[in-house]
Amino acid sequence: MNKTYISPPYLREGDKVGICSMASAVSEEAITKAVKQLEAKGFEVVLDENILAWEFNFAGNDAIRLHALQSMLDNPEIKAVFSSRGGYGVSKITDDLNFDKFIENPKWIVGFSDITALHMKIQSIGFQSIHGPMPSTFGYNQNSFDLLIETLNGKVGEIITKPNSLNRTGTATAPIIGGNLCLLAHNVGSSGDFSFDNHLLYIEDIGEYAYNIDRMLVQLQRAGKLNNLAGLIIGDFSDVRENDSPFGKTVEEIILSHVSDYSYPVCFDFPIGHEKINLAVKNGAIATLESNIKQSKLTYNDII
């Protein structure tokens with residue numbers, strides 16, 4: 001039986017949505033543009049008072065970022081919270097968050113990359129969230145932004161990907177979880193860790209050495225995260241680097257070597273990650289993955 005994750009209420013025109021900086025610092029220009037984009041979609045935007053805080057790489061120190069996110073989680077009028085950008089910093093504050101009021105009035109948490117740590121924490125307490133574009137990346141691709149809003153409105157039924165001859169054929173229905181591979185590997189053993197058994201897992205990353213992609217997958221495999229999946233979805237692995245002595249395998253070959261003993265479907269080229277096109281995914285939602293070499297399709301089972 002599939003595990004069930006609670007869905008926050010879908011958004012409606014006029015709802016309040018919040019933006020806070022919970023990781024790396026963001027520019028005023030990016031926030032100004034994002035507010036206009038969200039207002040054009042009919043939302044009332046609430047900015048944290050320290051939205052533009054800056055301390056070295058971070059959007060303020062840990063205490064400032066913790067207070068910003070906690071305030072958004074606790075505010076019952078705010079129906080969705082967007083992380084202004086990723087970078088680094090969410091895992092430093094996640095364990096100090098109090099989710100009592102969030103559980104009473106759940107809301108959509110939106111972001112990707114470093115925000116994977118927060119998604120994992122939210123799934124560990126039994127709720128859905130959205131892995132997708134953030135204010136700092138809203139302008140990268142209009143279709144990705146529009147899909148994000150449609151996802152928040154509960155109107156996205158399916159996502160279809162392009163062909164890939166390396167796809168492993170199969171069909172599976174299960175909750176979908178995942179995000180940045182580095183954050184998923186670092187999440188093992190944390191307070192946000194939970195079983196991946198009977199889940200559809202998706203992974204993506206950027207700027208990693210090929211050997212380190214292998215090492216992170218070894219970590220997931222040693223922790224038992226890969227052996228009982230319902231299916232595996234591969235997003236974008238951008239700007240993969242090599243040492244002077246090449247690792248000797250492509251990303252696709254590395255991944256397939258780690259799942260060769262398992263029979264679940266594997267889908268490559270899913271447009272999730274750090275490229276211009278970054279399709280929103282409802283973490284925790286029940287979905288059906290249909291994978292073959294001609295195309296792969298992800299269909300949600302809970303659209304309204």
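This presentation describes two helices, one cavity and one pocket of the structure shown above.

Good morning, colleagues. Please keep in mind throughout that we are looking at a predicted model.

I shall begin with helix α4, which covers residues 116–124. Of its 9 residues, 8 are buried, so the helix is largely enclosed by the rest of the structure. The buried positions are T116, A117, L118, H119, M120, K121, I122 and Q123. Just after the helix comes G126, which takes a positive phi of about 95 degrees.

The second helix is α5, residues 142–152. Which of its residues are buried? They are S144, F145, L147, L148, I149, T151 and L152. As a general reminder, an α-helix has 3.6 residues a turn, so residues three or four places apart point the same way. The cover over the buried residues of α5 includes one helix, α1 (28–40), together with the strands β3 (78–83), β4 (108–111), β5 (129–131) and β11 (281–283).

Both ends of α5 deserve a remark. At the N-terminal end, N141 acts as a cap, with a side-chain oxygen 3.2 Å from the backbone nitrogen of N143. After the helix comes G154, whose phi is positive, near 75 degrees.

I turn now to empty space. In general terms, rolling a probe the size of a water molecule over the atoms shows where such space is left. How many cavities of 30 Å³ or more does a search of the whole structure find? The search finds 1. The largest cavity holds about 30 Å³ of space. Its lining consists of L201, I203, L217, L220, L226, L232, I255, H258 and V259. Two or more of these residues come from each of β8 (200–206), α7 (210–222) and α8 (251–258). By class, the cavity lining has 8 nonpolar residues, 1 polar residue and no charged ones.

Next, the largest pocket, which has a volume of about 600 Å³. It is lined by 38 residues, and those closest to its centre are G86, G87, F112, S113 and D114. Here our two helices return: α4 and α5, as well as α6 (181–187) and β8, each supply at least two residues of the pocket lining. Which element gives the most to that lining? It is α6, with 4 residues. The pocket lining divides into 12 nonpolar, 18 polar and 8 charged residues, whereas the lining of the largest cavity has no charged residues.

To close, I would recall two points. Helix α4 is largely enclosed by the rest of the structure, and both α4 and α5 contribute to the lining of the largest pocket. Thank you.

Note on methods:
Residues are numbered from 1 along each chain as its sequence is written. This is a predicted model: local features need pLDDT of at least 70, side-chain atom pairs count only at pLDDT 80 or more; totals for chains, interfaces and linings use all residues. Side-chain values use heavy atoms; hydrogens and water are left out. Buried means under 20% relative accessible area, exposed over 50%, partly exposed in between (1.4 Å probe, protein chains only). Contact means heavy atoms within 4.5 Å. A polar contact is a pair of N or O atoms within 3.5 Å; within protein, one must be able to donate a hydrogen and the other to accept it, and residues adjacent in sequence count only if both atoms are side-chain atoms. On a 1 Å grid over the protein atoms alone, a cavity is a set of points where a 1.4 Å probe fits but cannot get out, and a pocket is an open set with protein on both sides within 12 Å along at least five of seven lines; lining residues have an atom within 4 Å of a point. Grid points are joined across faces, edges and corners, and a volume is the space filled by probe spheres set on the points. Ala, Val, Leu, Ile, Met, Phe, Trp, Tyr, Cys and Pro count as nonpolar, Asp, Glu, Lys and Arg as charged, and the others, Gly among them, as polar.
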